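Me: Please take a close look at the cysteines in this structure, and tell me whatever else helps a newcomer place them. Which pairs, if any, are bonded, and why?

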Amino acid sequence: MAALIGHAVDFQDYLPSMKQTLGPEGFLVELCNGFRLLMDADKGLITFESLKRNILVLGLEDIRDDELVSMLIEGDLDGDGAINQMEFCILMLRLSPGLMDESKQ
């Protein structure tokens with residue numbers, strides 16, 4: 001993600017192995033669990049504030065506010081300034097090279 005430029009991130013794509021282990025339905029359940037972990041409980045959306053509160057969970061304690069905004073923009077398909085559950089799932093799939101390769105096949 002563009003927001004992570006300048007940060008040393010050791011990215012390992014675990015999503016394909018999760019999908020294989022859990023099956024398609026179990027995998028979707030886990031994506032939804034990830035969304036709920038990051039969302040603002042009152043709004044039912046991932047907002048700037050909920051991301052800011054959860055940066056430790058993400059392992060991004062040094063991330064700047066403008067980078068969080070970039071993360072939101074990357075996933076916000078409807079332009080409302082937040083990420084809903086469907087947008088989150090789409091974003092996670094787009095960010096997984098292994099799943100994207102699998103879908104192309």
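Reply: A disulfide is a pair of cysteine sulfur atoms within 2.5 Å. By that cut-off, this predicted model holds 0 disulfides. For C32, the closest cysteine sulfur is the one in C89, and because the two are 4.8 Å apart, the gap is too far for a bond. Seen from the other side, C89 is in no disulfide either, and its nearest cysteine sulfur, that of C32, lies 4.8 Å away.

Both cysteines can also be placed by how much of each is accessible. A residue counts as buried when its relative accessible area is under 20%. C32 has a relative accessible area of 17%, so C32 is buried. C89 has a relative accessible area of 11%, so C89 is buried as well. In the protein chain as a whole, 30% of the 105 residues count as buried.

The surroundings in sequence come next. Helix α5 covers residues 85–94 and contains M86. M86 has 57% relative accessibility and therefore counts as exposed, whereas C89 is buried. M86 joins L77 and I90 in a nonpolar patch on the surface, and together the three have about 290 Å² of accessible area. The accessible surface of the protein chain comes to about 6,800 Å², with 57% of that belonging to carbon and sulfur atoms.

Now the chain around these parts. The protein chain has 6 helices and 0 strands, and read along the sequence its pattern is α-α-α-α-α-α. Among contacts between residues at least 6 apart in sequence, 47% join residues at least 24 apart.

Last, the confidence of the prediction. The mean pLDDT of the protein chain is 80, and 74% of its residues reach 70 or more. Among the elements, helix α2 (residues 48–53) has the highest mean pLDDT, 94, and helix α6 (residues 97–104) the lowest, 54. Over residues 7–11 pLDDT stays under 50, and for this stretch the model has 6 contacts beyond four places in sequence. Where pLDDT is low, the predicted coordinates should not be read in detail.

To return to the request: the sulfur of C32 and that of C89 are 4.8 Å apart, which means too far for a bond, and the structure holds 0 disulfides.

Definitions and conventions. Residues are numbered from 1 along each chain as its sequence is written. This is a predicted model: local features need pLDDT of at least 70, side-chain atom pairs count only at pLDDT 80 or more; totals for chains, interfaces and linings use all residues. Side-chain values use heavy atoms; hydrogens and water are left out. pLDDT is the predictor's confidence in each residue, from 0 to 100. Helices (H or I, at least four residues) and strands (E, at least two) are DSSP runs, numbered from the N terminus. Contact means heavy atoms within 4.5 Å. Buried means under 20% relative accessible area, exposed over 50%, partly exposed in between (1.4 Å probe, protein chains only). Accessible areas come from the Shrake-Rupley method with a 1.4 Å probe; for residues, only the protein chains shown count as cover. Patches are made of residues with over 30% relative accessible area and no salt bridge: like charges are joined within 9 Å, nonpolar side chains (Val, Leu, Ile, Met, Phe, Trp, Tyr) within 5 Å. A salt bridge is a side-chain nitrogen of Lys or Arg within 4 Å of a carboxyl oxygen of Asp or Glu.
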